[in-house]
Amino acid sequence: MAAKSEGSFRPQYTKYEEDNTVFDALPTTLSIKRRKAIQELVLTERVYVGDLKDLVFGYLNRIPEQTLSWEEKAVIFGNIDDIFEFHVEFLQEMENLVTTAPDRIPSLFLRSHFTDLYASYCSNHPRGLRTLQERKDDEQLKEALLVCQKDLGHRLGLAEALIKPVQRVLKYPLLLAEQMKGCTPSDPGYEGLQSSVQLVRDVAAEINRVKRERELQALLHGEVIVVRTKTLQDRLAGFPGDVRVFGSLHNECGQFFCAVESIKSARAGHNRSSGGASLGAGGGSGG
């Protein structure tokens, strides 16, 4: 992992919904629905590249090595610098195709490099968060992270920023599926769009599979995080017991929740024994 020179990739606006330049640049031969879907993909990609830039230049390359060694950085940040480089080029190609061949934009996803980058990052992500958590009492690191966060103008910290690549790769299936809604099999690029949708869905499914597998392994080895039980308890309406009976509580960048599988299992067991206490909506989906 090597330091890289900084480029200027942060978009000049924050509310991408208000920017219609991409939509206006797209050929009117495309349906309005498809043009809107392409615009959302491109504009959110600009924001995402800015987020990656913040991670690389605002944290990774800025934290002194005496505070966080390159070995520790490699664990915490994974291959974030490679993902950043990929998406700078990815975005540039996407922007170029907007006016020349927008039907080819989905085919940009059909690269093995895309799959490999995210498979590596997402499989390492839990380990990176654990390493960061292990250093939470290090005052020198804590101060360095706060300085980075303040200078970037971020409301949330590094742990929350590190989840963004995971969130983004899981969002691509939805973004591409929106384009599918705006075209027919006879439209240019339809087959490439179909293939791209299937690819990103497969990548997302594999990430979720690995995530569930790691959660199960953590549970089997007793790595159970039990925090903020009062907040979780409040969301389990009608359940009179201790939230910890639901099994493993999971930490996603400071958001703590029960695995859906564990909640369903505990719910079924409790209903059998007590005649049916109901769980509040959203009890297993977020902190």
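Student: At roughly what angle do the axes of helix 2 and helix 4 cross?

Tutor: Roughly 150°, and the axes come within 9 Å. The axes are lines fitted to C-alpha atoms, for helices over the stretch in contact, and the angles run from 0 to 180 degrees between N-to-C directions. Keep in mind that this is a predicted model, where local features need pLDDT of at least 70, side-chain atom pairs count only at pLDDT 80 or more, and totals for chains, interfaces and linings use all residues. Residues are numbered from 1 along each chain as its sequence is written, and side-chain values use heavy atoms, with hydrogens and water left out.

Student: Why is helix 2 called roughly antiparallel to helix 4?

Tutor: Set the angle against the cut-offs: under 35 degrees is roughly parallel, over 145 roughly antiparallel, 65 to 115 roughly perpendicular, and the rest oblique. The axes cross at roughly 150°, so helix 2 is roughly antiparallel to helix 4. Helix 2 also passes helix 4 in a left-handed crossing (the near helix is turned anticlockwise from the far one by less than a right angle; clockwise would be right-handed).

Student: Which residues make that contact?

Tutor: On the helix 2 side they include Leu41, Val49, Leu52 and Leu60, and on the helix 4 side they include Ile80, Phe84, Leu91 and Val98. Contact here means heavy atoms within 4.5 Å. By class, the contact of helix 2 with helix 4 has 17 nonpolar, 1 polar and 5 charged residues. For those classes, Ala, Val, Leu, Ile, Met, Phe, Trp, Tyr, Cys and Pro are nonpolar, Asp, Glu, Lys and Arg are charged, and the others, Gly among them, are polar.

Student: What makes helix 2 and helix 8 roughly antiparallel?

Tutor: Try the angle again. The axes of helix 2 (residues 32-60) and helix 8 (residues 164-181) cross at roughly 165° and come within 8 Å. That angle falls in the antiparallel class, so helix 2 and helix 8 are roughly antiparallel to each other. Helix 2 passes helix 8 in a left-handed crossing too. Among the residues that meet are Lys33, Glu40, Thr44 and Asp51 in helix 2 and Arg168, Lys171, Tyr172 and Glu178 in helix 8. By class, this contact has 9 nonpolar, 2 polar and 10 charged residues.

Student: And what do we call helix 5 against helix 8, parallel, antiparallel or oblique?

Tutor: Their axes come within 10 Å and cross at roughly 135°. That angle belongs to none of the three other classes, so helix 5 is oblique to helix 8. The crossing is left-handed. Phe114, Tyr118, Tyr121, Cys122 and His125 of helix 5 make the contact with Pro165, Val166, Val169 and Tyr172 of helix 8. By class that gives 8 nonpolar, 1 polar and no charged residues.

Student: How do you know that leucine 176 is buried?

Tutor: Look at its relative accessible area, which is 0%. Buried means under 20%, exposed over 50%, and partly exposed in between (1.4 Å probe, protein chains only). So leucine 176, which sits in helix 8, counts as buried. Leaving aside neighbours within four places in sequence, leucine 176 is in contact with Leu41, Pro106, Phe109, Leu193, Ser196, Val197 and Val200. Its C-alpha atom is 5.9 Å from that of valine 197, 21 residues apart along the chain.

Student: What about threonine 44, buried or exposed?

Tutor: With 9% relative accessible area, threonine 44 falls under the cut-off, so it is buried. Threonine 44 lies in helix 2, and its C-alpha atom is 9.4 Å from that of arginine 168, 124 residues apart along the chain.

Student: And what makes alanine 144 buried?

Tutor: The value is 15%, so alanine 144 is buried as well. You'll find alanine 144 in helix 6.

Student: What goes into the largest nonpolar core?

Tutor: A nonpolar core is a set of buried Ala, Val, Leu, Ile, Met, Phe, Trp, Tyr and Cys residues joined through side-chain atoms within 4.5 Å. The largest one has 60 residues, and Phe77, Phe114, Leu158, Leu162 and Tyr172 touch the most other members. The largest share of this core, 12 residues, comes from helix 2. Phenylalanine 77, for one, touches Leu55, Tyr59, Leu60, Leu68, Tyr121, Leu158 and Leu162, not counting residues up to four places away in sequence.

Terms used. Helices (H or I, at least four residues) and strands (E, at least two) are DSSP runs, numbered from the N terminus.
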